[in-house]
Amino acid sequence: MDKCDLSSLSKRISGPSSLAWDVGDVASKRMLAGEDIIHLGIGDPDLDTPLPIQEALFEAIKSGKTHYAPLAGEMTLRSAIADHASLLYGSAVQAESVIVCNGAQGALFTTFLCLTEQGDEIIVLEPCYATYPAVVTAGGGKMVTVILEKSDDYQLNLAKIKASVTERTKAILINSPSNPSGTVFDQQTLVELACFCNERSIWLVSDEVYWALCFDGPHTSAYRVEQCRNSTIVINSLSKSHAMTGWRLGWAIGPPHFIEAMTDLAQASQFGVNQFVQTAAITALKDQQTIEKSKNLFISRRDALCDGLRLSNHLGFSTPRGGMFVLLDISCTGLSGKEFAEQLLETENVAVVPGFGFGQSVKNTVRIGFLCDEERLKIASQRIVRFAESKVNKITE
Ligand code: PMP
């Protein structure tokens, strides 16, 4: 018998971006076999979830929080997220505007299923987080790419975005602080984009998972524009702010009809989020100390990595203003990002992500996470520079 066939959806979501993790997977396998590899490839730092949050989880289990939770989330957690959002965005957010999801990834996936009609155009800014193409196409959308310029530090380019809008544009997906570029979008431009979307009845979906890691100033967000909140959706989580990647606790914030649709979808898909995880998440949201500590830690890590990379005469990058990653231009080596990442792992035991996962326009880059301690980051940067310079010298010999 022939193989039983799969849906066209399964084929649509297995695009090139899903191959970007291959180098990291090889590195992980070699690490499991006992090899000493500096893995800077997955956005999952070496930090443990703070003890009070762990203890809150044990307590929640012991006190019987082991049942189905309400589909949109425990009201206590939705209120805590709303309070947190009110502070972050500078004006009141109601608990009813929040739905708890399985990580920001779960929130992104279900958001696009709720928004998109077959063939709707979704504008995505490149370089973009590697799962966006699959998220958009899984929802039935057609991805329209707007390329942000390296010379502009990958800042929002309103003129380009506006020029890409058609009558089929359903949503614009943005991410700040950005994975992979480390850009933090300027608040004034975000205001203009939120207003433009609102006027044109286009959804603006703002992925803010690195909200706690803005290095140079306060968090910026389109959701600050109160009069545009009926067309703006925030995607967020505790993964990066509290070293909780494995907990899978995220949320979306949006207008009532969106939350209702997300709740219906939650019934059909996940049937809610773990009750004990939700209970512990309230402790995390109140833990301001961890947020401050982790921001300072990532600034030191960024500096350790960037200082090391600056010792190269040829490699190009912008110092990240937020997040956990440096996007390194390796064109000088004559290699593609894929070749660079594969050979770097082979010869120097450092794992990074090839740029093609974030879009064709950055295929000659690699993404490096500042995800381990400063000492190892210094060693990693020395190895990256040594490897890159050896390739440049070959070209010029
Ligand atoms: N969006 C971006 C930009 C990310 O970098 C990530 C995680 N790497 C996610 C969403 C998903 O985050 P979560 O762990 O909350 O699902």
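Modeller: Helices, as H or I runs of at least four residues, and strands, as E runs of at least two, are taken from DSSP and numbered from the N terminus. The model is predicted.

Colleague: In which loop does Pro 127 lie?

Modeller: Pro 127 is joined to Glu 126 by a cis peptide bond, with omega at about 5°. Strand 3 covers 121-126 and helix 6 covers 132-138. Pro 127 accordingly belongs to the loop between strand 3 and helix 6.

Colleague: What is omega for the peptide bond from Asn 179 to Pro 180?

Modeller: Pro 180 is placed in the loop between strand 5 (169-175) and helix 8 (187-199). The bond that leads into Pro 180 from Asn 179 is cis, and its omega is near 25°.

Colleague: How much of the exposed area of the ligand, taken alone, does the protein bury?

Modeller: Ligand oxygen atoms have polar partners in the side chains of Asn 179, at 2.8 Å, and Arg 248, at 2.6 Å. A polar backbone atom of Gln 105 is 2.9 Å from a ligand oxygen. Taken alone, the ligand exposes 400 Å², and the share of this that the protein buries is 93%.

Colleague: Which element gives the most residues to the shell around the ligand?

Modeller: The ligand is surrounded by 14 residues, with Asp 207, Tyr 210, Ser 237, Ser 239 and Arg 248 the closest. The greatest contribution to the shell is three residues, and it comes from helix 5.

Colleague: Within what arc do the buried residues of helix 9 fall?

Modeller: Buried here requires a relative accessible area under 20%, and in helix 9 Phe 258, Ile 259, Met 262, Thr 263, Leu 265 and Ala 266 are buried. These residues line one face of the helix, because, viewed down the axis of helix 9, they fall within an arc of 165°.

Colleague: Which exposed residues does the other face of helix 9, turned away from its buried side, carry?

Modeller: The buried residues pack against several elements, including helix 4, strand 2 and helix 5. The face turned away from that buried side carries exposed residues, namely Pro 256, His 257, Glu 260, Asp 264 and Ala 268.

Colleague: Is Asn 349 buried, partly exposed or exposed?

Modeller: Asn 349 is in the loop between helix 12 (337-348) and strand 10 (350-351), and its phi is positive, near 55°, although it is not glycine. The range from 20% to 50% defines the middle class. Because its relative accessibility is 23%, Asn 349 counts as partly exposed.

Key:
Residues are numbered from 1 along each chain as its sequence is written. This is a predicted model: local features need pLDDT of at least 70, side-chain atom pairs count only at pLDDT 80 or more; totals for chains, interfaces and linings use all residues. Side-chain values use heavy atoms; hydrogens and water are left out. Buried means under 20% relative accessible area, exposed over 50%, partly exposed in between (1.4 Å probe, protein chains only). The arc is that of the directions from the helix axis to the C-beta atoms. Contact means heavy atoms within 4.5 Å. A residue is near a molecule or strand if one of its heavy atoms lies within 4 Å of it. A polar contact is a pair of N or O atoms within 3.5 Å; within protein, one must be able to donate a hydrogen and the other to accept it, and residues adjacent in sequence count only if both atoms are side-chain atoms. Accessible areas come from the Shrake-Rupley method with a 1.4 Å probe; for residues, only the protein chains shown count as cover.
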